[in-house]
Amino acid sequence: MLAIDGGPKVRTTPFPKRHLLGAEEKAAAVALFDRAMETGDAIGYGGPEEQAYEREFAQFMGGGYADLVNSGSSALYVALGALELAPAGEVIVPPITDPGGVMPVALLNLVPVVADAHPGSFNSGAEQIAAVLTPHTRAIVVAHIAGEPAEMDAILALAAARGLPVIEDCAQSHGARYQGRLVGSLGAIAAFSTMSGKHHATGPQGGVVYTADEQLYWRAKRFSDRGKPFNTDSPSNVRAGLNLNGNDLAAAVGRVQLRKLAGITQRRRQVAGRIIAGLGQLQAVRAGWEAPQSEGVYWFMRLRVEAARLKVDKDTFARAVAAEGIPVTASYRHLPSEARWFRERLVFPPSDYPWGLPAYQGDRQAQFPCPNAVEAAETHFVLAVHENYTDQEVTDILAALRKVEDAYLK
Ligand SMILES: Cc1ncc(COP(=O)(O)O)c(C=O)c1O
């Protein structure tokens with residue numbers, strides 16, 4: 001009998017925790033405190049630790065420049081700000097993403113325009129981006145949701161043909177590759193979140209702006225620190241900006257974490273690979289579509305349910321799997337186009353700016369139904385996965401999926 005109907009669970013013990021923070025992170029933080037107490041100088045920001053983290057992050061990306069900031073949302077805000085896009089332009093945003101992956105656009109007085117997903121994916125598709133391009137489009141934000149690279153070739157070609165910069169949102173995709181190249185290195189500039197739930201963390205909150213373009217890097221660095229005149233001869237601040245800085249304590253933790261990142265992503269790929277292989281035995285559940293020649297890093301796994309083969313809908317199926325003791329959530333329905341702040345234009349209340357800006361020439365009322373993204377959200381559920389899963393977790397996941405499928409197949 002299914003656990004959801006009162007039967008025994010497939011899995012009775014909790015799934016393993018990530019144990020992301022260990023003795024090395026602790027030692028790195030304590031070393032900074034020891035130094036602070038010895039010298040009398042407080043732990044600061046932009047010092048040797050932060051500079052070293054930024055160097056090492058850039059090395060991980062294969063060269064270029066990194067700026068540690070205080071969150072992934074800030075990283076996207078800074079990346080967009082560095083591009084110095086004139087207000088009242090449009091920026092194309094992803095169909096399924098965290099609010100922090102869209103709100104920075106509007107907060108810079110740019111109008112977010114949502115591109116639908118590639119069919120079967122949570123990520124924007126080139127065709128869907130092309131469908132919402134207008135003469136007012138100024139940039140394209142592409143997110144690699146769940147650690148799965150978006151299909152970038154066609155997107156980059158489209159952007160290049162129109163002279164539009166691509167901003168990659170890599171919050172969920174540290175170390176993922178598209179055609180062998182690291183995501184974050186494909187567009188003009190990239191934003192990463194390094195909060196504690198991500199593949200590697202700089203502490204409880206954090207983010208990184210990355211670019212291979214030195215001029216763009218300096219613009220980002222100035223904008224993330226109140227427009228300080230870094231790398232200029234200006235006697236005073238060159239632009240208005242917030243203080244979105246990272247700090248040396250975050251960087252010290254991040255440096256240790258960065259050394260673990262390759263192992264973490266490799267292990268996640270192994271775990272996901274075993275689960276995907278096991279899905280071959282099922283009839284109504286399969287792995288979500290992934291872009292060809294891409295290597296995901298599985299921030300979570302998207303599993304697709306063929307509800308037509310079942311007596312129940314996807315959400316009921318997912319709830320039954322969860323009841324078996326498996327970390328499953330029924331949906332990842334985070335569509336900016338469905339969010340209240342977006343639909344009701346609540347960015348600079350009581351105005352409807354940026355949509356209402358006198359300079360905005362586009363469609364102020366535009367809403368974006370995103371049928372592909374809705375279809376993807378309605379047909380996929382979310383399986384939590386991470387680097388500490390062993391063969392036992394994989395076995396239990398597959399056993400629970402099989403048990404629930406057997407009970408619900410038509
Ligand atoms: C795709 C995406 N973009 C942006 C963000 C915002 O990052 P943060 O929470 O670090 O501000 C997140 C957070 O999870 C995210 O998943």
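Start with the ligand: in this predicted model, the shell of residues around it divides into 3 nonpolar, 9 polar and 2 charged. Of the 14 residues around the ligand, the ones that come nearest are Gly72, Gly100, Gly101, Ala171 and Ser193.

Gly72 is a handy place to move on from, since it is also one of the buried residues of helix 3. That helix covers residues 72-82, and 11 of its 11 residues are buried. Besides Gly72, the buried set includes Leu76, Tyr77, Val78 and Ala79. What do these buried residues pack against? Their partners are strand 1 (65-69), helix 4 (103-107), strand 5 (166-169), strand 8 (189-193), strand 9 (207-211) and helix 7 (214-223). After helix 3 comes glutamate 84, with a positive phi near 50°.

Val78 and Ala79 turn up again in the largest nonpolar core, which has 109 residues. Together with Val141, Ala191 and Val209, they touch the most other members of that core. Helix 8 (residues 248-279) gives the core its largest share, 10 residues. As for valine 141, leaving aside residues up to four places away in sequence, it touches Val91, Ile92, Val93, Pro94, Val105, Ile167 and Asp169.

Now zoom out. The protein chain has 12 helices and 14 strands. Its radius of gyration is 22 Å, close to the 22 Å that the globule rule gives for 410 residues, so the chain is as compact as a globular protein of that length. Along the principal axes, its C-alpha atoms fill a box of roughly 75 × 60 × 40 Å. Of the 410 residues, 48% count as buried. Among contacts with a separation of 6 or more, 71% are between residues 24 or more positions apart.

A few spots have backbone angles worth a look. Most residues other than glycine have a negative phi, and most peptide bonds are trans. Here are some that go the other way:

| Place | Backbone feature |
|---|---|
| Proline 349 to proline 350 | cis peptide bond, omega near 10° |
| Tyrosine 353 to proline 354 | cis peptide bond, omega about 5° |
| Glutamine 179 | positive phi, about 50° |
| Cysteine 370 | positive phi, near 50° |

Proline 350 sits in the loop between helix 10 (340-343) and helix 11 (371-379). Proline 354 is in the loop between helix 10 and helix 11, and so is cysteine 370. Glutamine 179, by contrast, lies in the loop between strand 6 (177-178) and strand 7 (181-182).

Is cysteine 370 buried or exposed? Cysteine 370 is buried, because 23 other C-beta atoms lie within 10 Å. Glutamine 179 has 13 C-beta neighbours inside 10 Å, so it counts as partly exposed.

Notes:
Residues numbered from 1 in each chain as written. Predicted model: local features only at pLDDT ≥ 70, side-chain atom pairs only at ≥ 80, totals over all residues. Buried ≥ 20, exposed ≤ 12 C-beta atoms within 10 Å, placed from the backbone. Helix = DSSP H or I, 4+ residues; strand = E, 2+ residues; numbered from the N terminus. Contact = placed C-beta atoms within 7 Å. Near = placed C-beta within 6 Å. Nonpolar A, V, L, I, M, F, W, Y, C, P; charged D, E, K, R; others polar. Rg over C-alpha atoms; globule rule 2.2 N^0.38 Å. Core = buried A, V, L, I, M, F, W, Y, C linked by C-beta atoms within 7 Å.
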